[in-house]
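Please brief me on one serine and on the enclosed and open spaces in this protein. Keep it short and give the cut-offs.

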Amino acid sequence: MQTPPPVGVEKAPDLTAPSDPSAHSATSVEALCESASAASGQAISPTLYNMDLAPTKRAGRKWSGYSIFTLWANDVHSLGNYAFAIGLFALGLGGWQILLALGIGAALLFGLLNLSGFMGVKTGVPFPVMSRISFGIRGAQIASLLRGAVAVAWFGIQTYLASVVFRVMLVAMFPTLAELDKDSLLGLSTLGWIAFVILWIVQLVIVSFGMEMIRKYEAFAGPIILVTMAAIAVWIFIEAGGAIAWSSDNALEGPQMWLTIFAGGSLWVSIYGTFVLNFCDFTRSAVSKKAVVRGNFWGIPINMLVFGAIVVVMAGGQFKINGTIIESPSDIVQTIPNTLFLVLACLALLILTIAVNLMANFVAPVYALTNLFPKHLNFRKAAIVSAVIGLVILPWNLYNNPLVIVYFLGGLGALLGPLFGVVMADYWLIRRGRVNVPELYTASLAGTYYYKNGVNPRAIIAMVPAAVLALLIAFVPALAAAAPFAWFFAAGIAAVVYFFIADRHQRLEDRDGETIAVASTH
């Protein structure tokens, strides 16, 4: 049952006005917490609450079904996803088999993303705060920093990959710039540095205006990406004489074919394992659960089938033309003979990569840093810190070092499945969606989510066997056959263990966060 605000509280202070991003001090956070405490009857802690971590008011939320759809219109059509799906063609899957693999993954993702998204709609809180429910007000730092560390590294890497496309576009427009691409400074040419820094600044500017600007950018980029990818597919289809190869020369059959199909579907879910974890960062501003379902339906199963069709045409068309298998659409773009069309295609790929980077790799570390230092960092300041980290790690060197990708990023990524399992089991199976939102922001020893010294030891214990298995599968060659299904093993084991060891005697109270919520405009 929902608990009403305490009796005797005068008119609640106005917490709905957007904060001035440039004015974020410990004093202003202290004052904000005093107002929130008076409004809710809870002792709201400045170490847990600020304008960016606070729940969003239901009135005024702007993320519609179309907003959610455009997230997927961009992210599904990322260059990395095309490389993965075309890789299935290279492994020996034919057209209908690729579509089936992607369809299996899409069906699973649709369900998982709805479960994750509904949590954001109900509570209005970002992932670092959401993870306080299961891990505790301090233990949540483990979850958010793991997610943020993976994301900030990939932010830098994706920015570097986009800068490579940018360099192709610049040289096509100004051929004399090719001379600046021959030297090397810290592993990158002069032109490479120019391209990287420009894209780095563009992304930082967009994010500095907050989630609302990200929503607008995603809405702008989505249709451009769909039209561009469809146009590239049509062009390659025409170049192939109006016919495509439906499979490569090493087409799989029998049990091996089916194993590869299900492995492809499972890996498709694993690719989004990071995003299903912090989907609430976006759906906390969704207008309703129906908007999340509609956006996910058109953006996941429908959009992914369109994506699959484009993959089949691109890979099959190029294979019919010269018997080679491309690695990504950028391979096709570089062969476009017309300079204008080449530049437009490169520009579209840049718009796409920025859109994907913003949603998948920038938002998570920004919220993680804000959660770590809520008295000193707001969304804009955390974005600057995150971007600087993404620059100083020299991501092109990380990308070119297989040991870093496999052991560091691969190891951290393997731990995200167990995190998801614990969070989902706690919210849906143990609590059945009952959350006392104001208590997510109190450091009181008697608080619902204080657990033991701010950490839920049962959540940590549940993660251990799942994390061990995930790391073994990731790094032990003898277990390589299980690698495509590692995310499901890890998430499933963590969820089952937590379900059996969770505290069944804890107080389960359902109370929304409207009394301490802020307007969904920050």
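**Ser-285, a cavity and a pocket**

The side chains of Ser-285 and Ser-520 are joined by a polar contact of 2.9 Å (a pair of N or O atoms within 3.5 Å; within protein, one must be able to donate a hydrogen and the other to accept it, and residues adjacent in sequence count only if both atoms are side-chain atoms). This is a predicted model, in which local features need pLDDT of at least 70 and side-chain atom pairs count only at pLDDT 80 or more, while totals for chains, interfaces and linings use all residues. Residues are numbered from 1 along each chain as its sequence is written, and side-chain values use heavy atoms, with hydrogens and water left out.

**Ser-285**
- Ser-285 counts as buried because its relative accessibility is 8% (buried means under 20% relative accessible area, with a 1.4 Å probe and protein chains only).
- Not counting residues up to four places away in sequence, Ser-285 touches Thr-56, Arg-61, Lys-62, Trp-63 and Ser-520 (contact means heavy atoms within 4.5 Å).

**Second largest cavity**
- The volume of the second largest cavity is about 50 Å³ (on a 1 Å grid over the protein atoms alone, a cavity is a set of points where a 1.4 Å probe fits but cannot get out; lining residues have an atom within 4 Å of a point; a volume is the space filled by probe spheres set on the points).
- Its lining includes Thr-56 and Arg-61, both of which Ser-285 touches.

**Second largest pocket**
- The second largest pocket holds about 270 Å³ of space (a pocket is an open set with protein on both sides within 12 Å along at least five of seven lines).
- Of the 14 lining residues, those closest to the centre of this pocket are Ala-231, Ile-232, Ile-336, Phe-341 and Ala-345.

Key: Buried means under 20% relative accessible area, exposed over 50%, partly exposed in between (1.4 Å probe, protein chains only).
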